[in-house]
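Grab a coffee and work through these short exercises with the structure open beside you. Each one gives a task, then walks through a solution.

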There are 2 protein chains.
Amino acid sequence: MDLRPLLTESEAKILFVVADGLGGIDSEGRGTELEAARTPNLDRLASQGATGLTYPVAPGITPGSGPGHMALFGYDPVEHNIGRGVLTALGIDFDLKPGDVAARGNFCTLDSDGEVSDRRAGRIDSREGTRLVQMLKEIRLDDVEVYVEPVKEHRFLLVLRSQKEVLGAQVNDTDPHRTGVPPCEPNAQEEKSQETARLVSAFLEQVREILAEEVPANMVLLRGFAQLPRLASLRESYGLNGCALAGYPMYRGIARLLGMKVVDCGPDLDSEIDALKAAWSHHDFLFLHFKDTDSRGEDGDFDGKVAAIEELDRAIPRLIELQPDVIVVTGDHSTPSALASHSWHPVPVLISANTCRVDSVEVFGETACAGGGLGHLPAKHLMTLALAHAGRLRKFGA
Amino acid sequence: MDLRPLLTESEAKILFVVADGLGGIDSEGRGTELEAARTPNLDRLASQGATGLTYPVAPGITPGSGPGHMALFGYDPVEHNIGRGVLTALGIDFDLKPGDVAARGNFCTLDSDGEVSDRRAGRIDSREGTRLVQMLKEIRLDDVEVYVEPVKEHRFLLVLRSQKEVLGAQVNDTDPHRTGVPPCEPNAQEEKSQETARLVSAFLEQVREILAEEVPANMVLLRGFAQLPRLASLRESYGLNGCALAGYPMYRGIARLLGMKVVDCGPDLDSEIDALKAAWSHHDFLFLHFKDTDSRGEDGDFDGKVAAIEELDRAIPRLIELQPDVIVVTGDHSTPSALASHSWHPVPVLISANTCRVDSVEVFGETACAGGGLGHLPAKHLMTLALAHAGRLRKFGA
């Protein structure tokens with residue numbers, strides 16, 4: 001629901017601690033990663049607060065990072081599904097303009113039959129990626145500006161900018177999402193995108209020539225063609241002056257899209273917390289993003305994810321020292337190491353605030369949270385709960 | 001949400017075991033029927049899987065069999081409310097055409113004042129029902145074809161088919177749903193259905209003459225006037241090749257409406273499981289319907305319902321032998337024997353699959369499931385969860 005008519009002033013500060021891919025499943029008889037981890041600080045927060053499980057999108061739906069975070073910030077993730085191209089652009093500070101068409105690119109390997117043999121060209125390193133991007137920067141197309149920017153390793157950003165006409169972004173991925181087949185042709189899914197498809201096709205033709213002699217990255221795959229969405233900022237939606245502490249591009253990008261200040265910091269937790277401390281007095285909503293839980297889950301590394309969770313737990317006292325009025329600890333989705341990928345399993349959450357109705361849960365874990373006082377709820381409601389605990393929402397109706 | 005953009009291929013097989021009216025309430029201090037029953041096999045599945053409670057329609061809403069099953073198959077039961085007439089037609093393999101108006105009929109008994117004294121004419125047997133239907137087949141109406149077909153015992157199907165004009169189906173039940181009052185007059189609820197109401201009225205006039213001397217079935221009651229809805233099949237919605245093992249007409253009808261293959265089998269569990277085994281290799285979604293739990297609940301027979309649940313439990317090993325990748329055991333609604341009718345109480349569910357997050361629930365029962373890892377969720381999400389566990393859904397968003 002629209003919270004704007006209910007907003008009221010408050011000095012209270014809200015801290016969202018988002019452990020990416022936090023949720024897990026039990027694959028080794030030791031419980032989930034969160035349950036196997038030694039987490040005295042998180043357990044104390046859970047036992048003094050309210051806990052539950054969240055659905056980022058809906059039961060059974062595995063969220064991407066975009067929808068997972070949009071839900072955490074209180075935005076319906078289906079209604080506001082941000083394209084991958086846009087997230088990629090925002091994540092590298094690319095100054096995307098309304099109307100620009102952005103896509104995420106991968107360098108890939110084609111075999112002698114022209115079929116994709118490696119969708120990531122052996123995960124070439126960032127230096128090689130940057131060298132190849134430099135070559136693609138030569139590409140010129142009629143009537144549009146072309147931007148190609150390195151992201152990380154085999155990943156890059158493509159942006160087409162037209163001063164003359166309105167380009168559409170309804171073009172299919174050229175990434176076939178599997179190997180053993182050729183890349184897909186770019187086709188328009190609607191009239192307005194036909195010119196875009198033509199331009200992309202011309203771009204790819206030049207790429208093929210430029211990369212012909214390269215090994216292993218002799219071609220590119222494009223996906224997630226998208227344009228900047230119109231989104232209300234956290235200030236417009238909730239009256240919050242938000243700040244993001246996130247080391248990884250995509251999360252910085254989402255935060256910027258919602259009008260949060262994005263502070264420069266390294267991708268490690270210590271850098272993020274230092275930056276958090278420096279930003280603390282200037283903001284009333286602080287979003288701390290911790291990536292390692294997801295990375296280790298994606299690696300299929302149960303013990304690594306356990307260790308990441310324990311690292312986060314050890315950092316909790318430094319966060320509590322800052323005396324947030326409301327602290328929310330959760331994830332944007334589950335990444336069970338047993339699946340080595342994002343999953344649909346609901347995500348544990350704890351809220352700690354003076355106004356919590358303390359439930360019977362005494363440890364922070366999926367099984368315990370299933371019986372928590374918050375119940376099982378769509379993740380998009382967490383922001384409303386945080387605002388309520390911060391004293392920022394008036395009564396609805398008389 | 002629309003799952004079609006997320007669908008991906010998988011060999012995994014999904015088995016839905018639907019114990020009709022499974023949920024109950026405690027009326028004898030022994031727990032619910034499911035809790036009173038000895039169910040070692042279901043308990044094992046519950047303890048190795050994830051459990052919860054489902055709302056077929058919404059909290060407090062008592063579902064009919066149609067909405068209960070539509071929700072199980074992932075279709076919003078309010079948006080897709082199929083009329084009883086249509087379900088009746090489908091259940092007897094009647095070849096209903098788009099535009100046909102179908103109604104469910106009951107033979108009933110009117111007393112000398114013309115008031116309904118028995119809404120089911122003493123539940124006459126199927127042979128007597130068929131004899132009476134034969135008499136009604138003589139009825140002719142101007143401009144429409146009239147079909148009267150026996151269903152079972154006192155139940156029959158009426159279909160009106162016009163080649164000339166578009167008939168509406170917004171006509172009220174003539175069944176007053178209680179005794180001591182006369183049948184209701186058929187009236188149109190909208191302009192387009194006025195001709196239908198006139199035809200039904202003419203039909204009933206002839207019925208009254210034909211049955212005048214019959215005892216006890218001297219009249220009929222009609223309800224659930226409806227037309228064939230347009231529904232996406234399970235294949236269109238989920239890419240599933242579905243098969244239904246159901247002995248009773250209505251459930252076969254719903255399955256057929258969703259494009260499932262409906263296999264001939266008896267109404268007893270053994271026949272159904274034999275048919276399931278034969279169909280197993282040809283399908284990836286198998287729906288096994290068990291009616292007795294509902295029938296004994298409707299009878300108000302607590303011990304009978306307990307026995308039915310125990311019969312189902314004993315059959316579970318035969319189902320597990322088939323090695324389904326995902327097994328869902330639940331009901332389409334509750335039918336507490338204390339109420340001798342469908343009820344609004346949420347329905348216990350268990351999901352068993354390799355990718356389950358196992359919760360702390362160790363027995364399959366309403367009280368235990370209330371604290372299960374699936375939470376309390378709309379039944380329509382079960383299909384999404386099953387597809388997720390079957391590896392049939394890609395990530396949503398980037």
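Two residues are in contact when they have heavy atoms within 4.5 Å. Keep in mind that this is a predicted model.

**Exercise 1. Work out whether the radius of gyration of chain A agrees with that of a compact globule.**

Solution. Start with the length: chain A has 398 residues, and a compact globule with that many would have a radius of gyration near 21 Å. Next, take the value for chain A, which is 22 Å, so the two agree. For a picture in three dimensions, the C-alpha atoms fill a box of roughly 65 × 50 × 35 Å along the principal axes. Inside it you'll find 13 helices and 13 strands.

**Exercise 2. Find what share of the contacts in chain A join residues at least 24 apart.**

Solution. First keep just the contacts between residues at least 6 apart in sequence. Of these, 73% join residues at least 24 apart. Then look at the cover: buried residues make up 58% of chain A. Last comes the surface, where chain A exposes about 16100 Å², with carbon and sulfur atoms supplying 45% of that.

**Exercise 3. Place Met383(A) and list what it touches.**

Solution. Step one: Met383(A) sits in helix 13, residues 381–389 of chain A. Step two: its relative accessibility is 1%, so Met383(A) counts as buried. Step three: leave out residues up to four places away in sequence, and Met383(A) touches Phe16(A), Leu72(A), Phe73(A), Gly74(A), Leu234(A), Tyr238(A), Leu240(A) and Phe285(A). As a check on distance, Leu339(A) is 44 residues away along the chain, and its C-alpha atom is 29 Å from that of Met383(A).

**Exercise 4. Decide how many residues of helix 13 in chain B are buried.**

Solution. The helix runs over residues 381–389, and nine of its nine residues are buried. Among them are His381(B), Met383(B) and His389(B). Now step just past the helix: Gly391(B) takes a positive phi of about 70°.

**Exercise 5. Explain why Cys356(A) has no disulfide partner.**

Solution. Recall that a disulfide is a covalent bond between the sulfur atoms of two cysteines. Here the cut-off is 2.5 Å between the sulfurs. The cysteine sulfur closest to that of Cys356(A) belongs to Cys369(A), and at 12 Å it is too far for a bond. Cys243(B) is in no disulfide either, as its nearest cysteine sulfur, in Cys265(B), is 8.6 Å away. Check the cover too: Cys356(A) is buried at a relative accessible area of 12%, and Cys243(B) is buried at 0%. Over all chains, the count of disulfides is zero.

Notes:
Residues are numbered from 1 along each chain as its sequence is written. Chains are lettered from A and ligands numbered from 1 in the order in which they are written. This is a predicted model: local features need pLDDT of at least 70, side-chain atom pairs count only at pLDDT 80 or more; totals for chains, interfaces and linings use all residues. Side-chain values use heavy atoms; hydrogens and water are left out. Helices (H or I, at least four residues) and strands (E, at least two) are DSSP runs, numbered from the N terminus. The radius of gyration is taken over C-alpha atoms; the globule rule is 2.2 Å times the number of residues to the power 0.38. Buried means under 20% relative accessible area, exposed over 50%, partly exposed in between (1.4 Å probe, protein chains only). Accessible areas come from the Shrake-Rupley method with a 1.4 Å probe; for residues, only the protein chains shown count as cover.
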